[in-house]
Amino acid sequence: MTPQDFGTYVEYLLAIKCIEEGYAVSFPLQTHSAYDCIIDTGERIVKVQIKGTRQKKGKKGDVKLNIADRNAQKYHRQDVDFFAVYSTDFEGFFIFPYKNQKSIRLCNKKTKAKYFNNFAFEFCS
């Protein structure tokens, strides 16, 4: 699977998971949008940037992923509410609220476990 195909696969996989949760999912018609989809949970509407990684876990059992837009720039608060990152090694999504981050650490330990396959789209810290 090419990187572009993998990206498309991950975007549609998130949409399927959200639809299973009973959410409405919309994709922008324009490819230059800062977010990949909008999710309506029934309680809130959120802008989501979707990422995917095939990177293997490191010695500490985690994956560190740099997140940037097409121009290698950091995302802005007005453009993205959440990052949904699919990891093939973890076989699921980590869903993080936007916090001006440049990278994300994926792991199933302590504080990060609450983000794994958490489709509530809550602004938790």
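In which sense do strand 4 and strand 7 pair, and over how many bridges? Strand 4 (residues 63-66) and strand 7 pair in the antiparallel sense over 4 bridges. Two strands count as paired if DSSP finds at least two bridges between them. Helices (H or I, at least four residues) and strands (E, at least two) are DSSP runs, numbered from the N terminus.

This is a predicted model: local features need pLDDT of at least 70, side-chain atom pairs count only at pLDDT 80 or more, and totals for chains, interfaces and linings use all residues. Residues are numbered from 1 along each chain as its sequence is written, and side-chain values use heavy atoms, with hydrogens and water left out.

**Strand 7**

Within the pairing, Leu-65 stands opposite Ile-104 in strand 7. Strand 7 spans residues 103-106. Its covered face carries Ile-104 and Leu-106. Ser-103 and Arg-105 lie on the uncovered face. In a regular strand the side chains alternate between the two faces of the sheet.

**Positive phi in two loops**

Two residues that are not glycine have a positive phi, as tabulated here. For accessibility, buried means under 20% relative accessible area, exposed over 50%, and partly exposed in between (1.4 Å probe, protein chains only).

| Residue | Phi | Loop | Relative accessibility |
|---|---|---|---|
| Glu-91 | about 55° | between strand 5 (82-87) and strand 6 (92-97) | 64%, exposed |
| Asn-100 | about 60° | between strand 6 and strand 7 | 42%, partly exposed |

**Aromatic contacts**

The structure holds 13 aromatic pairs. The rings of Tyr-12 and Phe-27 have centres 5.4 Å apart and planes at 35°, so this pair is tilted. Rings of Phe, Tyr and Trp (its six-membered ring) pair if their centres lie within 6.5 Å; planes under 30 degrees apart count as stacked, over 60 as edge-to-face and the rest as tilted. Tyr-12 lies in helix 1 (residues 3-20) and Phe-27 in the loop between strand 1 (24-26) and strand 2 (37-40), so the pair ties together parts that are 15 residues apart in sequence. Tyr-12 is partly exposed at 48% relative accessibility. Phe-27 is partly exposed too, at 32%.

Phe-82 and Phe-121 form an edge-to-face pair, 5.3 Å centre to centre with 85° between the planes. Phe-82 belongs to strand 5 and Phe-121 to the segment after strand 7, so the pair links parts 39 residues apart in sequence. Both Phe-82 and Phe-121 are buried.

One aromatic cluster is formed by Phe-90, Phe-94, Phe-96, Tyr-115 and Phe-116.

The charged end of Arg-54 sits over the ring of Phe-6, 4.3 Å from its centre. This term requires NZ of Lys or CZ of Arg within 6 Å of the ring centre and within 35 degrees of the ring normal.
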